Structures are given as structure tokens and as C-alpha cells.
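This report goes through one protein chain, with its sequence and coordinates shown below. Please keep the structure open while reading.

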Amino acid sequence: MTPTHASSTKPTVDPLAVLRSTDTIRQRAGTLLARARSGDSRWFTVDDNAIGAVVRLVADVTRSRYPDLDIPFHSRWRHFEAAGVDRVGTLAERMSEMSRTQRIRTRIDLAVVSVLLDAGAGPEWHYDEPGTGLRLARSEGLGVASFHAFTRGLFSGMVDDPLRVDAAGLRALTSDRLAEAFQVSGDNPLVGVEGRLGLLHRLADVLGANPSAFGADGRPGGLGDALADETGGVAAGDILALLLTHFAPIWPSDNKIDDHPLGDCWRHADVDGVGDTAGWMPFHKLSQWLAYSLLEPFGDEGIALTGVDDLTALPEYRNGGLLLDTGVLVPRPAQWTTREWRVDDEFIVEWRALTVALLDELAPLVCAELGLDVGSTPLACILEGGTWAAGRELAAQRRQGLPPLHIISDGTVF
């Protein structure tokens, strides 16, 4: 009888699965941080002696913003609360006749379109909110502007059902209508209007092409039906996986493997990997920002949330700026503050990677400084408390709120 032998064939590595994994993001970011600490980085050194001051600063900012230390998740819903106005409460009143499933779909619709419109607005843009007289800028302004655009039905293809986003409504959107909703003018310029519009049009294509996921009308809220598991809970990692699977075609970068778009994933010469994944540093910042923002539509309806800490820190110019402005990260290029950078420049890729790795280290230290239990205080709360606000405060003190770096962007990464 001829003996049988186990196959020696190695399992095939799915490069897309590898590069969409937050484990991969953390592992590769950690490798770049170790290189920087050892002096092997071409772009940065790390001053660990400055970390203590950063921890104290973040803790102080957190206490000032949330004195009772009841810190919510970092998400788009915080921007809808700008200046203490209960806009979401007003929306809830309009949804009072809906079922729980319909409310979740509606809130997912709002979060998706608002997050996709949330990229750097530029220093000159603002939004004057009707009814309150508030003038809001940057992320809060974008959030409130998109909130009102949603409630007026800008993204709906059904005149008699404004509280929705669907493929027809997004396809009908023009740059003029989007600019009008965001009060754009010659004196009030918004960075990347065309880039934002293109993103929403590509979203329409994805929604319309996947009725099994988004329903016959192509609504982002269709994801809500797919996410609750048999026990009635929702895992943060599952949210991100669905977003990265379905929304991959909407990102405009040319980063691809075998014609499969990679999204927010960039080349770095010092990043190892297997096969086609070698040299790629993934981030998926906007997708993770969206994943954080989709937690509350479920949690507020009493649905259990799990695996929140599977998501990483968001590598953008507030969190990253905190580390530059406090001297934890020390750039090597002499002209790093005065030259223009592209999102795919290795300097920017490494800055973002070091931000992810260092915020993972900072989070438990901030918890200890605040006297909070690490196990029950997710990274999402430290970001909100937190690192993002501290980065903004330093930017306001040093540069009138401007980012620490001049980055050429189409409004879909920064």
C-alpha cells in the first residue's frame, strides 16, 4: 500500500486580505518605529524622553473636555454635536416613526456620506449654520454642513424621502449643488470639491452594482442588515472588513495589485512582506474613521459592540501633528516644514506609520495618567479625549490651526 504524504504546497497568501488587516498595519508600523528608534530611518528620529510630556498634555486636554471621564468614541457623531447643539436629537425626532432597522440604516447613510466628505477643508473655508448663527470651520464645519445637506435630502433620489442616501441621489449630485451645500464661493474656498464629488459618484457606482449588499435602491445603510451576527452583536473588525471589501473601488489612487485597488496603502522601501505585499504600508484612515463612526448607530440601539480596539489610530495631521509639535518625532530633512509633500512621499508614509505605532504606546499611558482601566477604555476613547484635540490645540497655538506639513492632497486622504 503506497503511503500518503501531506501536501508540501504552501497556502496561497491573499495580498488584499493581508493589506486590509489592522494586524498588518500595526506590525509594519511597529517595524518602522523600531527602525527609527535604532537610528536606521532616513526620515525620523524618536525622542522617547518627550513622551511623558505628551501623556500629561493628552490627559489634561481629556479632563478639560470630559471632566467626568465618560469619554465617547472618536467618531463623526462628535462633529454633529459641534458647539453643544443637539442636532442628532432633532434627527431622532424625525426618525421616531421608523423601526430600529430603519433608524440604523438612516444613521449609516448619514455617517457614510459625511465621513467621505470629511477631508482637509483648507484654512479659508467656513460654514455659517442656518438657524444658530454659528460659524464653523474644518472638521466641525464639514460635519455640520454635511448633516444639513443630508437632512435636506441632497443625497436622496426620492423627493418624498429625504433622510436617505442612495445611488440615484448621488449620481444626480453636481459640483454646483455640492458647492452650494457647503457655501463655497470665491471668498470661501473649499479644498477638493471636485475630488469629493468624484468620490461620491464612485460610491454611487458601487452602491448600484451591489444590490445584495446595498439593496435595490443602493443605500449604504444596507450594510446594517449584514453586520449583526447570530448573537445580535456587531464586531468593529467586521465593519471595517465590509467597508474595505465593498468600497475599495471608490478610492482614486493608482495603488493596485493585479488591477485590485488598495486604497490608502503606500510604498515604503523598508517595509517587508510576503510576495506582492512587500513594500506596502497600509493605513485605510478614512475607512477606519468610517468604521469608528458606524459603531454608534448600533450601540445607541442597544446592540453589543465587540473588538473596538481592533481598529488603529487614525494617521492624519492632528494625531501626527501632536507628535511633531511635541518633539516625539524629529524629522531629518532640513526643509521638512517649508517644502511641499505628496501623500505617497516616503517621508509622509513613515510619519503616518510612526503615528499609528506611537499612539498604540501612548494610549495605556494616558489611561494610567487618568486613572482609567485600560481594558475598558478603548483606543477610540483616547483618540477622542484625547490625542486629536491636543494636536489641534498645539496647531492653533503655533500655526493658527494649520497642519505642520504642506501636503498636496485631493481631499480623499487628508
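The text below covers the domains, then some helix contacts, then two points in the backbone.

**Domains**

The model is predicted. An assignment of domains to the chain gives domain 1, made of residues 14–74, 262–293 and 305–413, and domain 2, made of residues 81–229. How far apart are the C-alpha centres of domain 1 and domain 2? The distance between the two centres is 26 Å. The domains also touch: 15 residues of domain 1 are in contact with 14 residues of domain 2. The size of an interface is often given as the accessible area lost when the parts come together. For domain 1 and domain 2, this buried area is about 1200 Å², with 61% of it on carbon and sulfur atoms.

**Helix pairs**

The table lists the geometry of some helix pairs.

| Helix pair | Distance between axes | Angle |
|---|---|---|
| H13 (residues 236–246) and H14 (residues 285–293) | within 9 Å | roughly 135 degrees |
| H3 (residues 51–65) and H17 (residues 346–370) | 9 Å | about 60 degrees |
| H6 (residues 100–116) and H14 | 10 Å | about 150 degrees |

Helix H14 appears in two rows, so its contacts are taken together here. The angle between H6 and H14 is about 150 degrees. Angles over 145 degrees count as roughly antiparallel, and H6 is therefore roughly antiparallel to H14. The crossing of these two helices is right-handed. On the H6 side, the residues in contact are Ala111, Val112 and Val115, and on the H14 side they are Leu286, Trp289, Leu290 and Ser293. By class, six of the residues in this contact are nonpolar, one is polar and none is charged.

How do H13 and H14 lie relative to each other: oblique or roughly parallel? Their axes cross at roughly 135 degrees, and the two helices are therefore oblique to each other. H13 and H14 also make a right-handed crossing. Here Ile239, Leu240, Leu243 and Leu244 of H13 meet Ser287, Gln288, Leu290 and Ala291 of H14. This contact holds six nonpolar residues, two polar ones and no charged ones. Leu290 of H14 is in the contact with H13, and Leu290 is also in the contact with H6.

The pair H3 and H17 packs at an angle of about 60 degrees, and these helices are therefore oblique to each other. H3 passes H17 in a right-handed crossing. H3 contributes Ile51, Val54, Val55, Arg56, Val58, Ala59, Thr62 and Arg63, which meet Leu358, Leu362, Leu365, Val366, Glu369 and Leu370 of H17. Which classes of residue make up the contact of H3 with H17? The contact has 10 nonpolar residues, one polar residue and three charged residues.

**Backbone**

Two places in the backbone remain. Leu69 is not a glycine, yet it has a positive phi of about 60 degrees. Where is Leu69 found? Leu69 is in the loop between H3 and helix H4 (76–80).

The other place is the peptide bond that joins Gly385 and Gly386. This bond is cis, with an omega of about -10 degrees. Gly386 belongs to helix H18, which spans residues 379–399.

How values were computed:
Residues are numbered from 1 along each chain as its sequence is written. This is a predicted model: local features need pLDDT of at least 70, side-chain atom pairs count only at pLDDT 80 or more; totals for chains, interfaces and linings use all residues. Side-chain values use heavy atoms; hydrogens and water are left out. Axes are lines fitted to C-alpha atoms, for helices over the stretch in contact, and angles run from 0 to 180 degrees between N-to-C directions. Helices (H or I, at least four residues) and strands (E, at least two) are DSSP runs, numbered from the N terminus. Angles under 35 degrees count as roughly parallel, over 145 as roughly antiparallel, 65 to 115 as roughly perpendicular and the rest as oblique. A crossing is left-handed if the near helix is turned anticlockwise from the far one by less than a right angle, and right-handed if clockwise. Contact means heavy atoms within 4.5 Å. Ala, Val, Leu, Ile, Met, Phe, Trp, Tyr, Cys and Pro count as nonpolar, Asp, Glu, Lys and Arg as charged, and the others, Gly among them, as polar. Domain bounds come from an automatic or database domain assignment. Buried area is the accessible area (1.4 Å probe) that two parts lose on being put together, summed over both.
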